[in-house]
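Reader: Got a minute to go through this one with me? I'd like to know what stands behind the labels.

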Amino acid sequence: MPYTRWRTLHRLSAARVLLHAHPVTEVAHRVGYASPSAFISAYADQYGRTPGRDRG
């Protein structure tokens with residue numbers, strides 16, 4: 001697995017945990033995305049739903 005793919009998977013995995021306690025915008029920045037829209041797109045591509053639907 002290429003390093004960039006590995007890094008993306010780990011960022012998104014950490015994001016899933018953080019979403020239970022923090023807003024999407026904050027999680028995006030905490031896991032290293034430059035913009036919330038880039039994070040939302042990557043998250044939706046990986047998990048098939050937006051991070052807002054996984055909050056809670």
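Author: Let's start with a cut-off: buried means under 20% relative accessible area, exposed means over 50%, and partly exposed is in between. Keep in mind that this is a predicted model.

Reader: Then what makes R49 buried, exposed or partly exposed?

Author: R49 has a relative accessible area of 29%, so it is partly exposed.

Reader: And why does D54 count as buried?

Author: D54 has 17% relative accessibility, and the cut-off for buried is under 20%, so D54 makes it.

Reader: What makes R49 and D54 a salt bridge?

Author: The N to O distance between their side chains is 2.7 Å, and the limit is within 4 Å, so the pair qualifies. R16 also forms a salt bridge with D54, with the closest N and O atoms 4.0 Å apart. That pair links distant parts of the chain, with R16 in helix α1 and D54 in helix α4, 38 residues apart. Together, R16, R49 and D54 are linked in a network of salt bridges.

Reader: Why are α1 and α3 called roughly perpendicular?

Author: Their axes cross at roughly 95 degrees, and 65 to 115 counts as roughly perpendicular, so the label fits. On the α1 side the contact includes L12 and A15, and on the α3 side F39 and Y43.

Reader: Which element gives the most to the largest nonpolar core?

Author: That's α3, with 4 residues. The core has 12 residues in all, F39 among them. F39 touches residues including L12, V27 and P51.

Note on methods. Residues numbered from 1 in each chain as written. Predicted model: local features only at pLDDT ≥ 70, side-chain atom pairs only at ≥ 80, totals over all residues. Heavy atoms only, no water. Axes fitted to C-alpha atoms, helices over the stretch in contact; angles between N-to-C directions. Helix = DSSP H or I, 4+ residues; strand = E, 2+ residues; numbered from the N terminus. Parallel < 35°, antiparallel > 145°, perpendicular 65-115°, else oblique. Contact = heavy atoms within 4.5 Å. Core = buried A, V, L, I, M, F, W, Y, C linked by side-chain atoms within 4.5 Å. Buried < 20%, exposed > 50% of the residue type's maximum accessible area, 1.4 Å probe, protein only. Lists of a residue's contacts leave out its neighbours within four places in sequence.
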